[in-house]
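Below are some notes for a colleague who is opening this structure for the first time. They are meant to be read with the sequence and the model side by side.

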Amino acid sequence: MPGKAPRRDDGVGNGPRISDGADGFVPDGYAANDRPGLGARLVATKLLSAIVDARTSADGLLDAAGGHPGFRALEGRDQGLVKAIILSALRFRGTISRALDACLDRPLPPNAAALKHILHVGATQILFLDVPDSAAVDLAVAAANVDSRSRRFAGMINAVLRRLSREKDALREVATATENMPDWLAARMVAAYGPERTEAIARAHLTPAPLDLTVKRDPAGWAGKLGGVALPNGTVRLGSFDGPVTALEGFAEGEWWVQDAAAALPAQLFGDLTGKRVADLCAAPGGKTAQLIAAGGAVTALDINANRMKRLKANLARLSLEAETVVGDIAAFEPAEPFDAILLDAPCSSTGTIRRHPDVPYTKDAEEIAKLAGVQARLLGEAVRLLAPGGRLVFSNCSLDPAEGEAIVAALLTDRSDIVRDPVQPGELPGMEFALTPEGDLRTTPDMMGGAADAPATGGLDGFYAARLKRI
Ligand SMILES: C[S@@+](CC[C@H](N)C(=O)[O-])C[C@H]1O[C@@H](n2cnc3c(N)ncnc32)[C@H](O)[C@@H]1O
């Protein structure tokens, strides 16, 4: 059984008025105060629709400062509940759909999107969260009653969710983890990794990722201080941590930064950078920039996004690390001299981070992957232009899709006779040799190291690809 959110007695909060009426999402003059806990369910229903129907990123919606107005208006406890509902509703979307189908006498009307989201929000609480079933059912019925399009389905919602509650022990069993991958993604994963590995990857997606930290020095010491384990690459992993990272020892002193162990690997492929001119060409928010500086490089960090660059600067300031920073497009970057080492951590579909961002399968698609692959190929061509003869370039991203990784590098190597692969040797990644391909590239997937569900203290990695190249 996957992790459940903390139990709430009644699934309630003293809900504030949640609508300014501007988006008309709380209809009929309704105030969430009228029914404790209803505001959270209405917001969860609305946000699930925004993610699944309008393909809006969950991070942007679920932000206490800049998120959806309905979410921001909720009190902290209800915000936590909405987050738990949304993340579980997405993580287990296939299992939830199957369970609901088993409780429906006939298929839902095709134009009843709001009804579908109300059922999913109710079912998520019954099947996967520690909310009393009676509160989940009653509040789903109440949510239907305040929406003029869904009101006529209130009786049906009541019957379906009550049946779900009675039969939940059988219905919440995940039949195959792959049922929780939308078809487009499952097809691409099976084509790349085969059905068995896809099932293992899908299973790893069902458990949130642990908290990983990159430390400036002394991983074993920090693992001891923070109650974690030091992984073979030096990442400190805190198996179960629930709270603000800012409260952890060493944060204020700038001793570490949050970074998945797999995300730490591409920059580690450069080894010692002392005395080297280094460019980090897609740098923000700067996790890998910090590693390159800590490895001794004189780093120029470039990113096209000024806001993200502000975050990079703030992150480096906290860590007391220094880099030259440039806001701009790689294509327009004309440095005085070429670089000895270049990291291109290109924008991608982020399918390697589904454990952290279960909305990704619903906000991305095959068409977007093809578009991103075009961007990556173009940026890699630009990055090569900035590399000194003999210099090393690492191309990386957090996609699981070979179209955004292996295929991009293969095409470059076919096109350019002056660029060769500089294969990573097993001895360079002691204890993590499993992450190397026969060609000497890095390829991690979430099921590696056991997968978080099987080995919470050491399991699971984000999906990453990295190839090390050299200019001859
Ligand atoms: C995957 S993120 C980089 C993450 C970063 N390397 C880290 O570890 O924190 C990709 C970045 O590429 C930047 N980017 C996209 N297109 C770019 C371009 N043409 N020139 C420069 N930066 C670009 C985006 O703004 C984004 O910050």
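1. The UniProt record, an unreviewed entry, places the feature "active site" at Cys398. The model itself is predicted, so the points below describe computed geometry and, where stated, what comes from a record. In the chain, Cys398 belongs to the loop that runs between β9 (387–397) and α18 (406–415).

2. Is Cys398 buried or exposed? Cys398 is buried, because 26 other C-beta atoms lie within 10 Å and 20 or more are enough for that label. Once neighbours within four places in sequence are left aside, Cys398 is in contact with Ala263, Cys348, Ser350, Gly352, Thr353, Asp462, Gly463 and Phe464.

3. Next, the strands around this region. β9, which comes before the loop of Cys398, pairs with β8 in the parallel sense, over 6 bridges. One of the pairs joins Asp345 to Ser396 in β9. Strand β8 covers residues 339–345 and is mostly covered, with 7 of its 7 residues buried. β8 also pairs with strand β5 (residues 277–280), again in the parallel sense, over 3 bridges. In that pairing Ala279 stands opposite Ile342 in β8.

4. Which residues are closest to the ligand? They are Cys282, Lys288, Ile304, Asn305 and Asp345, out of 17 residues that surround the ligand. Two elements, α14 (287–294) and β6 (298–303), give two or more residues to this shell. By class, the shell holds 9 nonpolar, 3 polar and 5 charged residues. Asp345 is thus worth finding twice in the model: it is listed among the residues closest to the ligand, and it is the bridge partner of Ser396 in β9.

5. A separate item is an open sheet of 4 strands, in the order β2-β3-β1-β4, with antiparallel pairing. β2 (229–230) and β4 (256–258) are at the edges; each has a single partner strand, so one side of each is left without a neighbour in the sheet. The partner of β2 is strand β3 (residues 236–238), and 2 bridges join these antiparallel strands. Ala230 has Val236 in β3 as its bridge partner. As a general matter, strands of a sheet pair through backbone hydrogen bonds, either parallel or antiparallel.

6. Glu428 is a further position to look at. Glu428 lies in the loop between β10 (419–421) and β11 (442–444). Glu428 is partly exposed, because 16 other C-beta atoms lie within 10 Å, a count between the limits of 12 or fewer for exposed and 20 or more for buried. Glu428 and Asn233 are 195 residues apart in sequence, yet their C-alpha atoms are 9.7 Å apart in space.

7. Last, the overall layout. The domain assignment divides the protein into domain 1 (32–171) and domain 2 (211–471). The C-alpha centres of domain 1 and domain 2 are 36 Å apart. How many residues does each domain bring to the contact? Domain 1 brings 10 residues and domain 2 brings 5 residues. On the side of domain 1 that touches domain 2, α1 (38–52), α2 (58–61) and α4 (76–91) each supply at least two residues. α4 gives the most, with 3 residues. That side of domain 1 divides into 5 nonpolar, 2 polar and 3 charged residues.

Definitions and conventions: Residues numbered from 1 in each chain as written. Predicted model: local features only at pLDDT ≥ 70, side-chain atom pairs only at ≥ 80, totals over all residues. UniProt positions renumbered as here; feature names shortened; annotations may be inferred. Contact = placed C-beta atoms within 7 Å. Domains from an automatic or database assignment. Nonpolar A, V, L, I, M, F, W, Y, C, P; charged D, E, K, R; others polar. Pairing = 2+ DSSP bridges. Near = placed C-beta within 6 Å.
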